[in-house]
Amino acid sequence: MTQPDPGPLPRPAAAPPAHRTRSWRRRRAGRRLGGLAADLLIAAVALGPILWGFSTSLKPASEILAYPPELVPSRPTLEHYALLFTTGIHRFVLNSAVVSVVAVLLSLGIGSLAAYALARLRFRGKTALLFGIVALMSIPLPSVLVPTFTLLTSVGLADSLTGLALLYTAYQLPIVVWLLYGYFGSLPIELEQAARIDGCSRIETLRKVVLPLSGPGLVAAGLFVLTFAWNDFVVAVVMVSSESVKTLPVAIYGYLGFYGRDWGPLTASAMLSILPVIAVFLLFQRYFLSGMTGGSIKG
Amino acid sequence: MSGERAIETKEREGLRRRPKARRSPEAATAWGFVLPLVVAELAFVAAPLALGAWYSLFRVDYFELTEFRGLGNYWTVLTSTMVQQSLVATLLFSAFSLLFTVSLGMALALRLEADTRTNTWMRAIVLVPYVISMLVGSLLLRWIYSRDAGLSGMLLGPFGLADFSLLADPATAMAALVSNAVWRDSAFAMIVLLAGLKAIPGQLYAAARVDGAGPWMRFTRITLPLLRVPILIAVVRLLIHFVNVLTFALVLTGGGPNNATQTTGLAMYRLGFVDFRIGEANALALLVFVFNLLLIGANLALFRRGRSLSP
């Protein structure tokens, strides 16, 4: 915006009380009611399938297929959750957690080094690198699955948690670097210059000055990798086949074939997968939003 | 930020006087810092594509290259009915999903723009289908649409269609697939468009109001033109997603009935991991990837207009 900001326009003086007639109040109440109804409809569509799945997961097996269906289970039970744990779902939960945490640590480590260089050091090829990173962010994963499986199989990394964690790291590094690059660039450079004058090397400056100041940036980037790795299904279902290496989403997909029309355990496993994500999302909402636009719009 | 710029310019002028400084220790440090990133991307994104390109030229019997076929795999893939059908399915799915997702995202963005408490909560609620696992989302929709759940029976019963199965009819199965995309991805469109709306100065609306412009006039004459880049960004990024997405079709409809909802992503998956025709699967993957490169190029061009590359 080049034109000078004229400042906030003078607001028209508040309407005199005489205007607040009964019909004015009624119209206002009507608008509010309409707005509330619209909000309720939006929420019902967005959350309906999840709540319905939750309700199903709590119904005894005999009532799941009852017609007409009960929206709220009258005799809630945890039998499906118990069944999942007796058949060992915790192993898959553990696999998912391990892979996700390793991917977060790797991508934050590699990502903060690269982001620091991009934000603070001068070198040739920097612009090309930045464009490469943005291009990599938009590569759709399903389109590279076949070649990636071909490669991982030929080097023996397919069907291993290591291979999966490395893939997740490589796939999420571009967005991590991008978020941290923006964050590091917004820090005051004077502190780093002071550290340099005091004899800190670049890596010491990064470790002792930049990273301690970058908590929110690291949290945002880390959460992004965490939910990606925890949620991922397409990469894992292609790369993983052994029981011991299966992550939670692959196990859930397996249940779809195994339990067939038995939706009790299926919906229960679905709830186990999404409850942690929803909790983390509600706690750290604003961090998610910064990553979603991928920095494509100054917000 | 401007202070930093000034320092950089000064340093750059200094550099110009000493041409040797190009190979400065700083550049060496910088390349050391970005090396792990570059290696990771080369190893897990570039190398697979290169190897896939090589494999696509051969007949492959379970990862053994047996016979050089040149572009034979590409020809087989392009002339196969399965792939051609999948292209039609992908086109239908992408076009309808894009239309509804962007429209709904726009409606949501306009409705939830003001930063009130209610709106903040509503935005979070709309985002829930987007942040949970795609697999689980499609699974839950499959349960809702299945005849067993009894929900579709309850809704369709009054129309005499109590026994109708949504996922068993080609047209309604495609509609179900589109609804999965709209349910999950409208939130993404909303977020991108909200960021764009925030950047429109409020005085423009105030001025238009003073000039007597109604809500529709303000929307078409101010909002839409100024949202052009965010809208295009949403369209391109969603298109990349829809053209390639695998989970929706694999989990919700399984590509059925009669391959009516078998998108190209799913066809590729079946070719590679069900039929194990690795040569042909790689050929199809590369064809799709070349198409993606066009979309990614468009995305990059928009990115340069949406914001500069500096932090």
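How many salt bridges does the rule find across the interface of chain A and chain B? There are 3 of them. Keep in mind on this tour that the model is predicted.

**Stop 1: the interface**

Show both chains and colour them separately. Select the residues in contact: 106 in chain A meet 98 in chain B. Together the two chains bury about 9300 Å², and 77% of that area lies on carbon and sulfur atoms. Besides the salt bridges, 10 residue pairs are in polar contact across this interface, with both partners at pLDDT 80 or more. Now pick out helix α1 of chain A, residues 22–57: with 13 residues, this helix supplies the largest share of the side of chain A that touches chain B. Colour that side of chain A by residue class and you should find 76 nonpolar, 22 polar and 8 charged residues.

**Stop 2: a salt bridge between the chains**

Next, select A:Arg202 and B:Glu26 and show their side chains. Side chains of opposite charge can pair when their charged atoms come close. Here the two side chains form a salt bridge, with the closest N and O atoms 3.6 Å apart. To see what carries each partner, widen the selection: A:Arg202 belongs to helix α9 of chain A (residues 202–213), while B:Glu26 sits in helix α2 of chain B (residues 25–55). If you would like to continue this hunt, the whole structure holds 11 salt bridges over all chains.

**Stop 3: two helices in chain A**

Move on to helix α10 (residues 215–231) and helix α13 (residues 263–283), both in chain A. Two packed helices are described by the angle between their axes and the distance between the axes. For this pair, the axes come within 11 Å and cross at roughly 170 degrees. Because of that angle, α10(A) runs roughly antiparallel to α13(A). Show side chains on both: from α10(A), A:Leu223, A:Thr227, A:Trp230 and A:Asn231 meet A:Leu272, A:Ser273, A:Pro276, A:Val277 and A:Val280 of α13(A). By class, this contact has 6 nonpolar and 3 polar residues, with no charged ones.

**Stop 4: a loop serine**

Finally, centre on A:Ser74, in the loop between α2 (61–64) and α3 (79–86) of chain A. Its side chain makes a polar contact with the side chain of A:Glu70, at 2.8 Å. For a sense of distance, add A:Leu282 to the selection: A:Ser74 and A:Leu282 lie 208 residues apart in sequence and 29 Å apart in space, C-alpha to C-alpha.

Definitions and conventions: Residues are numbered from 1 along each chain as its sequence is written. Chains are lettered from A and ligands numbered from 1 in the order in which they are written. This is a predicted model: local features need pLDDT of at least 70, side-chain atom pairs count only at pLDDT 80 or more; totals for chains, interfaces and linings use all residues. Side-chain values use heavy atoms; hydrogens and water are left out. Axes are lines fitted to C-alpha atoms, for helices over the stretch in contact, and angles run from 0 to 180 degrees between N-to-C directions. Helices (H or I, at least four residues) and strands (E, at least two) are DSSP runs, numbered from the N terminus. Angles under 35 degrees count as roughly parallel, over 145 as roughly antiparallel, 65 to 115 as roughly perpendicular and the rest as oblique. Contact means heavy atoms within 4.5 Å. Ala, Val, Leu, Ile, Met, Phe, Trp, Tyr, Cys and Pro count as nonpolar, Asp, Glu, Lys and Arg as charged, and the others, Gly among them, as polar. Buried area is the accessible area (1.4 Å probe) that two parts lose on being put together, summed over both. A salt bridge is a side-chain nitrogen of Lys or Arg within 4 Å of a carboxyl oxygen of Asp or Glu. A polar contact is a pair of N or O atoms within 3.5 Å; within protein, one must be able to donate a hydrogen and the other to accept it, and residues adjacent in sequence count only if both atoms are side-chain atoms.
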